Amino acid sequence: MTDVFKTTHKEDTSRERTRISKGRQLLSPKARDTLAVKLVGGPTQATALDIVKNPYPLLDPETVDWYTYEFTEYITIGDRLHYVITFRPRVSVPFPLYEGSYYIDRESLSFSRMEFNTEMRDRRKVTEQILRKKPAGLEFKPQSVTYLITYRTIEGKSQLNYIFNEIKFQCDWKKKWFRTNYTVTSEMVITDRYAYPTEIIPYKDSFRSHYILSDKINNFYDENFWGAYNIIEPTESLENAVRKLKKMQWH
């Protein structure tokens, strides 16, 4: 569980903070089942992947011309009609760009949903972007990096609601015959909102973007908090899992 302090859309992101309040880690008892590859992402995605608030390099005025846009269709989300705008890179820059779709409410012109993935034309660039650490002798080969971001309209204002990130990659050991495929997923759902928080997360307590979550998670483990509910089923939605966990704490 994390606490996130976010500023309004008119303010920059320099005061935004993420703090882990509770966490736990499950590791296989077999060392050979554990892959010591560490990737970027984790708790700070609540600020980094709020594309409306933090638009670079997708919606920033200086980079918007890096992409080609096309109106694709109308679709209904909930009971509201949306424009679907697809985009893809039209230039080459020193880092990977993205391709995907925006879902824009036709009436309010606010973003409701974004689905996009990292372009894979230069996998070296992708590796440099997402890989933080790997063992010597391991060749890391990214296959896909996808994102899903949704927003909810609350009291007439569009607010960040859900973030999903999936990274697929192959690992090839120099002394082994076969490559191994891996998939890493990360999810975040906003459960409680406070328009006027009583405190701003101090910088010393915040989770930094360069931190590795697996290196820090044991600092936040609370056995009494998690109780018996220590596993989220693979097919279970994150929102439903969080709802059940909160009910357990209330009782």
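# Exercises on a seven-stranded sheet and its charged pairs

The structure contains an open sheet of seven strands in the order β4-β5-β6-β7-β9-β10-β11, paired in the antiparallel sense. β4 (67-77) and β11 (180-189) stand at the edges with a single partner strand each, so one side of each has no neighbour in the sheet. From one strand to the next, the twist averages 15°.

Before you start: this is a predicted model, in which local features need pLDDT of at least 70 and side-chain atom pairs count only at pLDDT 80 or more, while totals for chains, interfaces and linings use all residues. Residues are numbered from 1 along each chain as its sequence is written, and side-chain values use heavy atoms, with hydrogens and water left out.

Two terms come up throughout. Helices (H or I, at least four residues) and strands (E, at least two) are DSSP runs, numbered from the N terminus. Two strands pair if DSSP finds at least two bridges between them.

## Exercise 1: The partners of β9

Work out which strands pair with β9, and which residues stand opposite each other.

Step 1. Start with β7 (residues 111-118): this strand and β9 (residues 138-154) pair in the antiparallel sense over five bridges. Two residue pairs let you check the register: Glu115 has Leu148 as its bridge partner in β9, and Arg113 has Thr150.

Step 2. Turn to β10 (residues 157-173), which runs antiparallel to β9 and is joined to it by 16 bridges. Here Ile149 stands opposite Ile163 in β10.

Step 3. Look at the connection. β9 and β10 form a hairpin with two residues between them, and Glu155 in the turn has a positive phi of about 50°.

Step 4. Keep one rule in mind as you follow the side chains: in a regular strand they alternate between the two faces of the sheet.

## Exercise 2: A helix across the sheet

Find the strands that helix α2 lies across, and its angle to β9.

Step 1. Locate α2 at residues 123-130; it lies across β6 (98-105), β7, β9 and β10.

Step 2. Compare directions: α2 runs at about 65° to β9. For such angles, axes are lines fitted to C-alpha atoms, for helices over the stretch in contact (heavy atoms within 4.5 Å), and angles run from 0 to 180 degrees between N-to-C directions.

## Exercise 3: The surroundings of Ala46

Is Ala46 buried or exposed, and which residues is it in contact with?

Step 1. Ala46 is found in helix α1.

Step 2. Its relative accessibility is 1%, so Ala46 counts as buried. The scale is: buried under 20% relative accessible area, exposed over 50%, partly exposed in between (1.4 Å probe, protein chains only).

Step 3. Leaving aside neighbours within four places in sequence, Ala46 is in contact with Val4, Lys6, Leu160, Ile163 and Met188. You have already met Ile163, opposite Ile149.

Step 4. Ala46 and Val189 are 143 residues apart in sequence, while their C-alpha atoms are 9.1 Å apart in space.

## Exercise 4: Charged pairs that join parts of the chain

For the salt bridges Asp50 to Lys6 and Arg80 to Asp105, say what each links and how accessible the partners are.

Step 1. A salt bridge is a side-chain nitrogen of Lys or Arg within 4 Å of a carboxyl oxygen of Asp or Glu. The whole structure has 12 salt bridges.

Step 2. In the pair of Asp50 and Lys6, the closest N and O atoms are 3.2 Å apart. Asp50 lies in the loop between α1 (45-48) and β4, and Lys6 in the loop between β1 (2-5) and β2 (17-20), so the pair ties together parts 44 residues apart in sequence.

Step 3. Asp50 is buried at 2% relative accessibility, whereas Lys6 is partly exposed at 28%. Both belong to a network of salt bridges that links Lys6, Glu16, Asp50 and Lys53.

Step 4. Arg80 and Asp105 have their closest N and O atoms 2.4 Å apart. Arg80 is in strand β5 (residues 80-89) and Asp105 in strand β6, 25 residues apart. Arg80 is partly exposed at 33% relative accessibility, and Asp105 is buried at 4%.

## Exercise 5: A buried acid without a salt bridge

Determine what lies around Asp60.

Step 1. Asp60 sits in the loop between α1 and β4.

Step 2. Asp60 is buried yet has no salt bridge. The nearest side chain of opposite charge (Lys and Arg count as positive, Asp and Glu as negative; His and the chain ends are not counted) is Lys53, 13 Å away.

Step 3. Look to the backbone instead: the nitrogen of Glu62 lies 2.8 Å from a polar atom of the Asp60 side chain.

Notes
Polar contact = N/O pair within 3.5 Å; in protein donor to acceptor, adjacent residues only side chain to side chain.
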